[in-house]
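Visitor: I would like to go through this model residue by residue where it pays. Please start with the overall fold and then turn to details.

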Amino acid sequence: KTQLTPMSLDQVLQQSIPRWEQAAHRRNLTLNVVLPQQLPTVVSNPTMLDRVLTGLMENFTRSLPAGSHIQVQVIPAGDQLKLQLSPQLRCKDSNKTTIPATPPIRKALGQLLMFQPETGTISLNIAATKHLFQAIGGKLIVRQRPHYGEVMTIFLPLEVSNKQKPIVTN
């Protein structure tokens with residue numbers, strides 16, 4: 001079990017985004033992060049959230065061909081904050097034509113790990129990654145979109161302030 005506390009997502013992202021940009025740059029990818037003007041407080045574990053997000057981004061960047069673009073968008077969604085990773089794949093011939101995404105080959109190594117032969121990397125499988133997000137108060141949804149690729153959406157619960165509690169009168 002992990003301790004969940006109200007935390008500034010802005011602080012975690014300010015530390016994480018430069019690492020994500022480095023990971024993207026190493027693989028000849030571009031990264032665009034779209035944040036709201038003010039990030040609300042979320043409930044999670046700051047250290048674990050940073051590690052899990054960075055691991056997810058590393059895995060995500062490894063699965064894209066060179067020249068691709070990654071859009072990271074953070075949007076309030078009701079009582080949660082939505083963080084979405086979307087690939088925008090580009091053809092080598094033209095910067096305007098998207099190409100169908102071919103998911104990388106991943107082979108299971110036991111119940112928790114995956115091996116990607118083309119890069120030689122070992123990572124947690126999606127089920128284990130989803131479980132980690134649950135442990136830190138979040139939820140991970142992975143969708144395969146034809147001609148678009150794998151889209152990962154993370155939901156984190158917002159802190160509920162005392163001001164929003166209903167007033168009971170007699």
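Visitor: In what order do the elements of the protein chain run from the N terminus on?
Guide: The secondary structure comes to three helices and ten strands. Helices (H or I, at least four residues) and strands (E, at least two) are DSSP runs, numbered from the N terminus. From that end, the order is β-α-β-β-α-β-β-β-β-β-α-β-β.

Visitor: What kind of model is this, and which pLDDT do side-chain atom pairs need?
Guide: Residues are numbered from 1 along each chain as its sequence is written, and side-chain values use heavy atoms, with hydrogens and water left out. The model is predicted: totals for chains, interfaces and linings use all residues, local features need pLDDT of at least 70, and side-chain atom pairs count only at pLDDT 80 or more.

Visitor: How much of the protein chain is buried?
Guide: Buried means under 20% relative accessible area, exposed over 50%, and partly exposed in between (1.4 Å probe, protein chains only). The chain has 170 residues, and the buried share of them is 37%.

Visitor: What share of the accessible surface belongs to carbon and sulfur atoms?
Guide: Areas come from the Shrake-Rupley method with a 1.4 Å probe; for residues, only the protein chains shown count as cover. The accessible surface of the chain comes to about 10300 Å², and the share of carbon and sulfur atoms is 52%.

Visitor: What span should helix 2 have, and what is the distance between its end C-alpha atoms?
Guide: The expected span of a helix is 1.5 Å times one less than its number of residues. Helix 2 covers residues 46–62, which is 17 residues, so the expected span is 24 Å. The end C-alpha atoms agree with this, at a distance of 24 Å.

Visitor: Why is helix 2 described as largely enclosed by the rest of the structure?
Guide: Among its buried residues are Leu-49, Val-52, Leu-53, Leu-56 and Phe-60. Polar or charged residues, including Asp-50, Asn-59 and Arg-62, are also on the buried list. The helix is largely enclosed because, of its 17 residues, the number buried is twelve.

Visitor: Which residue has a side-chain oxygen close to the backbone nitrogen of Thr-47?
Guide: This pair sits at the start of helix 2. The oxygen reaches to within 3.2 Å of that nitrogen, and its residue is Asn-45.

Visitor: Is Thr-61 buried or exposed, and which side chain does it meet in a polar contact?
Guide: Thr-61 is found in helix 2 and, at 0% relative accessibility, counts as buried. A polar contact is a pair of N or O atoms within 3.5 Å; within protein, one must be able to donate a hydrogen and the other to accept it, and residues adjacent in sequence count only if both atoms are side-chain atoms. The side chain of Thr-61 reaches the backbone oxygen of Glu-58 at 2.9 Å. Its side-chain partner, at 3.3 Å, is Arg-27.

Visitor: Which residue in helix 2 forms a salt bridge with Arg-26?
Guide: A salt bridge is a side-chain nitrogen of Lys or Arg within 4 Å of a carboxyl oxygen of Asp or Glu, and the structure holds four of them. In this one, N and O are 3.0 Å apart, and the partner of Arg-26 is Glu-58. Arg-26 lies in helix 1, so the pair ties together parts 32 residues apart in sequence, the other end being Glu-58.

Visitor: Which residues are joined into one network by salt bridges that share partners?
Guide: Arg-27 forms a salt bridge with Glu-58, with the closest N and O atoms 3.4 Å apart. Glu-58 also forms one with Arg-62, at 3.5 Å; both lie in helix 2, four residues apart, about one turn of the helix. Through shared partners, the network consists of Arg-26, Arg-27, Glu-58 and Arg-62.

Visitor: What is the sign of phi at Asn-28, and what is its value?
Guide: Asn-28 has its place in the loop between helix 1 (9–26) and strand 2 (30–34), and at 52% relative accessibility it counts as exposed. Most residues other than glycine have a negative phi. Here phi is positive, near 60°.

Visitor: Which residues does Thr-129 contact, leaving aside neighbours within four places in sequence?
Guide: Thr-129 lies in helix 3 (residues 126–135) and is buried, at 9% relative accessibility. Contact means heavy atoms within 4.5 Å. The residues in contact are Leu-56, Leu-124 and Leu-140.
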